[in-house]
Amino acid sequence: QIVGVEVENYHLVDFPEVGNLIQHYIQANSSNFKVKPAWFLHDCHKYGETVPSEDGLFFISNYCFTEIDHALREKYIQTLLGKVSNGFIVWQTVFGCDIQLVDTLRKTIRFVSKETPQTCPHEHAPNYFVYF
């Protein structure tokens, strides 16, 4: 349990090479994990198709969702986001994904706040924390 939330399993959606690296790390360090949830690795080229529909799935994207082009984002929205209950996205606007496009998620947006990156000021292309 971390901050009062019990994680039963993780579904990681990424490139197969990244999945292989994650799998290798998990196997090499499994004795060091205090929390032992189940890990499921999914090929990003399937857009979450292989992620099962379960109650309470929580989606997290740190920048990636807004870095991919519109057509790929739409595939994730259609295939994966319908399966999740809630989520968090670090939303970048620098790649042309304006914060006004947050409605394309087809989710109830709970809260949006501006991110203040420590590494680079984004006056002209701000980042946002989006909670749904």
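Me: Where is Ile-68 found?

Reply: Ile-68 is found in the loop between α2 and α3. Keep in mind as we go that this is a predicted model.

Me: What makes Ile-68 count as buried?

Reply: Buried means under 20% relative accessible area. Ile-68 has a relative accessible area of 19%, so Ile-68 is buried. You can also place Ile-68 against the start of the chain: the C-alpha atoms of Ile-68 and Val-5 are separated by 30 Å, and these residues are 63 residues apart along the chain.

Me: Which pattern does the protein follow along the sequence?

Reply: Read along the sequence, the pattern is β-α-β-β-α-α-β-β-β. That goes with 3 helices and 6 strands. The C-alpha trace spans about 45 × 35 × 30 Å along its principal axes, and buried residues make up 33% of the 132 residues.

Me: Why is Thr-66 called buried?

Reply: The cut-off for buried is under 20%. Thr-66 has a relative accessible area of 0%, and therefore Thr-66 is buried. Thr-66 lies in helix α2. The C-alpha atoms of Thr-66 and His-42 are separated by 19 Å, with their positions 24 residues apart along the chain.

Me: How do you know that Ser-61 is buried, and what does its side chain reach?

Reply: Ser-61 lies in strand β3. Its relative accessibility is 6%, so Ser-61 counts as buried under the 20% cut-off. The side chain of Ser-61 reaches the backbone nitrogen of Phe-65 at 2.9 Å.

Me: What makes the pair Glu-74 and Arg-106 a salt bridge?

Reply: A salt bridge needs a side-chain nitrogen of Lys or Arg within 4 Å of a carboxyl oxygen of Asp or Glu. The side chains of Glu-74 and Arg-106 meet at 2.6 Å, N to O, so the pair fits the rule. The two residues come from distant parts of the chain: Glu-74 is in helix α3 and Arg-106 is in the loop between β4 and β5, 32 residues apart. The count for the model is 1 salt bridge.

Me: Are the two partners, Glu-74 and Arg-106, buried or exposed?

Reply: Here the cut-offs are under 20% for buried and over 50% for exposed. Glu-74 has 17% relative accessibility, so Glu-74 counts as buried. Arg-106 has 54% relative accessibility, so Arg-106 counts as exposed.

Me: Why does Glu-115 have no salt bridge?

Reply: The limit for a salt bridge is 4 Å. For Glu-115, which is buried, the nearest side chain of opposite charge is Lys-114, 11 Å away. That distance does not meet the limit, so Glu-115 has no salt bridge. Glu-115 is found in strand β5.

Me: What makes Glu-115 and Tyr-63 a polar contact?

Reply: The cut-off for a polar contact is 3.5 Å. The side chains of Glu-115 and Tyr-63 are joined at 2.8 Å, so the distance is within the cut-off.

Me: Why is Tyr-63 called partly exposed?

Reply: Partly exposed is the class between buried, under 20%, and exposed, over 50%. Tyr-63 has 27% relative accessibility, so Tyr-63 counts as partly exposed. Tyr-63 lies in the loop between β3 and α2. Tyr-63 has a positive phi of about 80° although it is not a glycine.

Me: How do you know that Tyr-47 is buried?

Reply: Tyr-47 has 17% relative accessibility, so Tyr-47 counts as buried, given the cut-off of under 20%. The place of Tyr-47 is in the loop between β2 and β3. Tyr-47 has a positive phi of about 60° and is not a glycine.

Me: Which residues line the largest cavity?

Reply: The lining includes Phe-65, His-70, Glu-74 and Trp-91. Helix α3 gives the largest share, 4 residues. About 60 Å³ of space lies in this cavity.

Me: What is the volume of the largest pocket?

Reply: The largest pocket has a volume of about 1200 Å³. Of the 34 residues lining the largest pocket, the closest to its centre are His-11, Leu-12, Phe-58, Phe-59 and Ile-60. The largest share of that lining, 6 residues, comes from β1.

How values were computed
Residues are numbered from 1 along each chain as its sequence is written. This is a predicted model: local features need pLDDT of at least 70, side-chain atom pairs count only at pLDDT 80 or more; totals for chains, interfaces and linings use all residues. Side-chain values use heavy atoms; hydrogens and water are left out. On a 1 Å grid over the protein atoms alone, a cavity is a set of points where a 1.4 Å probe fits but cannot get out, and a pocket is an open set with protein on both sides within 12 Å along at least five of seven lines; lining residues have an atom within 4 Å of a point. Grid points are joined across faces, edges and corners, and a volume is the space filled by probe spheres set on the points. Buried means under 20% relative accessible area, exposed over 50%, partly exposed in between (1.4 Å probe, protein chains only). Lys and Arg count as positive and Asp and Glu as negative; His and the chain ends are not counted. A polar contact is a pair of N or O atoms within 3.5 Å; within protein, one must be able to donate a hydrogen and the other to accept it, and residues adjacent in sequence count only if both atoms are side-chain atoms.
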